[in-house]
Amino acid sequence: MHIVVCIKQVPDSAQIRVHPVTNTIMRQGVPAIVNPYDLFALEEALRLKDSFGGKVTMLCMGPPQAEEALKRCISFGADDAILVTDRAFAGADTLATSYALASAIRQIEKEQAIDLVFTGKQTIDGDTAQVGPGIAKRLSMQLLTYVSRIAELDLANRTITIERRAEGGVQLLKTRTPSLITMLENTNELRFATMPDMIRAARYPVRKWNKDDAGIEDLSKIGLKGSPTVVSKVFGPTPRAVKAEQIPVDKATPRDIAVNLIQAMFTQHPALEQDMLERAPL
Amino acid sequence: MSDAPAPRKPAGRGGRNLELPEHLKAYKGVWVFIEHDRGSVHQVSWELLGEGRMLADTLGVALSGVLLGGPDDNLTAFANEAFTHGAEACYTVRDAVLDGYRNEPFTRGLTDLVNKYRPEIVLLGATTMGRDLAGSVATTLQTGLTADCTELKIDPTSRALAATRPTFGGSLLCTIMTLAYRPQMATVRPRVMAMPKADTKRSGAIIEDTLGMVETDIVTKLLDFIPDANTSKVNLAYADVIVSGGKGLKNPENFKLIWDLAKTLGGDVGATRPVVQSGWVAAERQVGQTGKTVRPKLYIAAGISGAIQHRVGMEAADVIVAINNDPNAPIFDFAHFGIVGNAMTILPALTEAFRNHFAIRRMKAA
Ligand SMILES: Cc1cc2nc3c(=O)[nH]c(=O)nc-3n(C[C@H](O)[C@H](O)[C@H](O)COP(=O)(O)OP(=O)(O)OC[C@H]3O[C@@H](n4cnc5c(N)ncnc54)[C@H](O)[C@@H]3O)c2cc1C
Ligand SMILES: Nc1ncnc2c1ncn2[C@@H]1O[C@H](COP(=O)(O)O)[C@@H](O)[C@H]1O
């Protein structure tokens, strides 16, 4: 069995600060991490490998530093890692990214047939959840998004049955492999890296592919040129004109404060009072 | 594995082509994909029609809905409902293979309609269905798609869709446009846009189309649909009253004060991400950037700092009350009413005071 897992290296957005005056992202010192959602895809792939044997290949498109993210995945037990890195990819939106990744996956397929491709649900910097569906379409693979559980994988008959999160319920879907799965978050728990795997990861020669290695055929489809979307403006959220009306708390008991809030709120919003009166249980 | 066939695209000369090529200027009109499942339309579709109406009016073009469904789906009733929410026309495709959502036939259905009728804008809900479909259709059509938009406008100079969305975990907003490609696609999360008023006097035209696929063409089979158990059927996005708790409540014991107040108000319980991550409440109660967008009439936030990632999910509430013991907490910058104090004493007092208030009001009314 051969699984390809797509991961992205992202800035740890919990630690991102925005410059208060210029509204630009202050990236200095912000650590780069493996996109947290992608770790659920990695773990699911590793579990399938535990059950069926075979190989897990990691794929990432990004700057040379993204090698670190791939090494981290090796430390959890992935077998191989490819970094697609080339100046020509800069400025790619999701359409251009999915073109480049799909192209790289075709090259990987030439080395060894692929049964499944995994992506995360979404990235925390791009946040679009579009790259997975995009890759699937380009490779004419069956697309399975928001997968919460793999119910059955039948390698001999090349079928897979999964549970997919939908609005108000779960779909049970059966399809053919190779297919592309975007894994839902919190569906599994990432294993710990073992000492031998950590050592292997540190020494692992991540394969670096430029646009030719990745088999890019149409240069107009990658990077900025291949991106239909244009970012026209970046700005900070507008502050509200007035701050909260503070209910006086000095020397007031909690009871007074509560009564005063209700008084102030319902005086200014009589319709709300009526509405809440009808809703509140007797 | 081969690249999906794509329509002809403008060749970017030298650098990047930002001009709309002549042959794409024929794309006219605003479309909303109307999502329905097991007999009812997702509210987000009506919210999008409300927003779509404004875009269509600005451009002076028609607003249409798209309905794909199986033989037993009441597409006509859904279309009529779409007309009351602002659509002038609905494109419907009815086929046995469209019974229950599956990516392949729905992608084909929507893609074919777009290629045939050429709308300039296509909007979808950012749901598990809408996002699955939007990504596939945009790739097949080789056009731009902007996910999870919080604001949609028409850029006056280019007349292109200016779609604004949070970026970098919500710390910044960015406006994205698709200039040289059509259609321009965007998804919007439930509750981000206001619900338009229904006008039952409105009507419209239904344009029926066919799919031209048979079940044997479709690889993925829908074996079963397991509806969520009632206990976990939290529809926070559409709750009118929400009491939310943050890390300031310190422990799950104290968090019960949130439930008490919510119960007294007949409201729902929300939470911040750290609260969900600590396991005090289920993930579906998380409000914010990576949780739900809510739009209640009243949102009471206790022990919540008001981080931007939380704020983007709740700032559209009509009335926001914040309880926080730090007078400088960011939540006070956008709440309507503030109480600087200890949530553990204020919450029970509020529960009691609301209960009394309602009792007195009811007595007076009787
Ligand atoms: C990519 C990304 C996505 C995110 N998505 C979300 C999201 O969807 N939703 C979300 O909520 N967060 C999200 N976050 C996290 C967000 O940045 C904040 O960390 C989080 O909202 C803070 O939660 P909090 O207010 O409960 O906790 P804290 O920030 O720890 O605030 C606790 C507050 O309680 C107050 N307090 C303490 N004791 C008391 C007391 N006794 N009485 C009253 N007040 C008290 C404190 O003054 C403080 O203001 C996200 C972060 C990232 C990086
Ligand atoms: N540059 C990239 N390299 C590898 N995988 C990526 C890249 N960008 C996105 N992905 C994958 O696509 C998923 C969805 O990304 P996004 O559409 O940006 O939300 C991610 O969870 C990753 O698995």
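**Ligand 1 and a four-stranded sheet**

Me: What makes the pair formed by a backbone N or O atom of Gln289(B) and an oxygen atom of ligand 1 a polar contact?

Reply: These atoms lie 3.1 Å apart, and a polar contact is a pair of N or O atoms within 3.5 Å, so the pair qualifies. This is a predicted model, where local features need pLDDT of at least 70, side-chain atom pairs count only at pLDDT 80 or more, and totals for chains, interfaces and linings use all residues. Residues are numbered from 1 along each chain as its sequence is written, chains are lettered from A and ligands numbered from 1 in written order, and side-chain values use heavy atoms, without hydrogens or water.

Me: Which side chains make such contacts with ligand 1?

Reply: A polar side-chain atom of Gln286(B) is 2.8 Å from an oxygen atom of ligand 1, and an N or O atom in the side chain of Asn342(B) is 3.0 Å from a ligand nitrogen atom. The protein buries 83% of the 990 Å² that ligand 1 exposes alone (Shrake-Rupley method, 1.4 Å probe).

Me: Why is the site of ligand 1 called shared?

Reply: Residues of both chain A and chain B surround ligand 1, so the site is shared between chains. Around the ligand are 28 residues (each has a heavy atom within 4 Å of it), with Lys247(B) and Thr272(B) among those that come nearest.

Me: How do you know that S8(B) and strand S9 of chain B pair?

Reply: Four bridges join these antiparallel strands, and pairing takes at least two DSSP bridges, so they pair. In S9(B), Leu161(B) is the bridge partner of Ile154(B).

Definitions and conventions: A polar contact is a pair of N or O atoms within 3.5 Å; within protein, one must be able to donate a hydrogen and the other to accept it, and residues adjacent in sequence count only if both atoms are side-chain atoms. Helices (H or I, at least four residues) and strands (E, at least two) are DSSP runs, numbered from the N terminus.
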